[in-house]
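Trainee: Before we look at anything, could you show me how to read burial, contacts and ring pairs from a set of coordinates?

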Amino acid sequence: MFITLEGPDGSGKTSQIKPLAEFLREQGYSVITTCEPGGTFISDQVRDVLKNLKNKSMHPRTEILLFCAARAQLVEEIIRPHLAQGEIVISDRYADSTLAYQGYGHGYDLDFLKNLLDFATGGLWPDLTLYLDIDVEEGLNRRRVGGGEWNRLDDYALSFHRRVRCGYLEMAQNNPTRWQILDACQSPHEVQDALRKAILKKLPGETLHT
Ligand code: TMP
């Protein structure tokens, strides 16, 4: 099963993924986690280029191709081989981030991007996408006060981040079979609980584990 976590910046995905994987391992599942952009030696180098604040002159088309390049390597090197072994793969962001940020955010054609993403991933899309929803100002504020990294993409205008969030909500509402919307403003404990429940509901043998 291929599970992705998505959300605007500051939605708290990254701190949820480790306890989530540990919980599923305790339930007897074999789980690996990964994070985008990055996750392989090559993809991590592309990540540095994408996030570096010195690269503010990067054209959105360059940005799209770099995200896709990093993802193509991650899919072939990590995601597909682990799925082939019957493991659960959980990725912190994936192709839907490109649709949200580069599609809805920058305004690039969604059908064109979907074709490009099919090319980059060899047509691999998640079985379940958990979307952590948060008001964009609150999310960015969490990033600012959290003392973590402030990267080139965080630095885009507030209007860009608002389009990203609307895009996510539209994608989630259009495909409720794959997407689940979770409220990221709850306490971290409540968010973790909601993530676990959403996954267990989708896993075969669910009744054995709940
Ligand atoms: P993060 O590692 O803090 O989530 O930062 C990744 C940033 O890159 C975040 O602002 C979302 C953005 N992003 C895109 O714009 N397109 C993509 O395809 C991906 C994976 C991330």
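Mentor: Let us begin with a single residue, keeping in mind that this is a predicted model. A residue counts as buried when its relative accessible area is under 20%, and E36, at 6% relative accessibility, therefore falls in the buried class.

Trainee: Where does E36 lie with respect to the secondary structure?

Mentor: E36 belongs to the loop that joins β2 (31-35) to α2 (41-51).

Trainee: Which side chain makes a polar contact with the side chain of E36?

Mentor: For a polar contact one looks for a pair of N or O atoms within 3.5 Å, and here the side chain of R71 meets that of E36 at 2.8 Å. Leaving aside residues up to four places away in sequence, E36 also touches R47, L74, S91, D92, R93, Y94 and A95 in addition to R71. Two of these neighbours are themselves related, since R71 is placed over the face of Y94, 5.6 Å from the ring centre.

Trainee: How many aromatic pairs does the structure hold, and how is the pair of Y156 and F160 classed?

Mentor: There are seven aromatic pairs in the structure. In the pair formed by Y156 and F160, the ring centres are 4.5 Å apart and the planes stand at 50 degrees, so this pair is tilted. The two partners differ in their cover, as Y156 is partly exposed with a relative accessible area of 22%, whereas F160 is buried with 3%. Both also take part in a cluster in which ring pairs link Y101, Y131, Y156, F160, Y168 and W179.

Trainee: Is G167 buried or exposed, and in which helix does G167 lie?

Mentor: G167 is buried, because its relative accessibility is 0%, and it lies in helix α7, which covers residues 158-174.

Trainee: How should I then read the protein as a whole?

Mentor: One starts with the inventory of elements, which in this protein comes to nine helices and five strands, and then takes their order, which from the N terminus on is β-α-β-α-α-β-α-α-β-α-α-β-α-α. The radius of gyration is 16 Å, close to the 17 Å that the globule rule gives for 210 residues, so the protein is as compact as a globular protein of that length. Of those 210 residues, 47% count as buried. As for sequence separation, among contacts between residues at least 6 apart in sequence, 77% join residues at least 24 apart. Finally, the protein exposes about 10,000 Å², of which carbon and sulfur atoms supply 53%.

Conventions. Residues are numbered from 1 along each chain as its sequence is written. This is a predicted model: local features need pLDDT of at least 70, side-chain atom pairs count only at pLDDT 80 or more; totals for chains, interfaces and linings use all residues. Side-chain values use heavy atoms; hydrogens and water are left out. Helices (H or I, at least four residues) and strands (E, at least two) are DSSP runs, numbered from the N terminus. Buried means under 20% relative accessible area, exposed over 50%, partly exposed in between (1.4 Å probe, protein chains only). A polar contact is a pair of N or O atoms within 3.5 Å; within protein, one must be able to donate a hydrogen and the other to accept it, and residues adjacent in sequence count only if both atoms are side-chain atoms. Contact means heavy atoms within 4.5 Å. Rings of Phe, Tyr and Trp (its six-membered ring) pair if their centres lie within 6.5 Å; planes under 30 degrees apart count as stacked, over 60 as edge-to-face and the rest as tilted. A charge sits over a ring if NZ of Lys or CZ of Arg is within 6 Å of the ring centre and within 35 degrees of the ring normal. The radius of gyration is taken over C-alpha atoms; the globule rule is 2.2 Å times the number of residues to the power 0.38. Accessible areas come from the Shrake-Rupley method with a 1.4 Å probe; for residues, only the protein chains shown count as cover.
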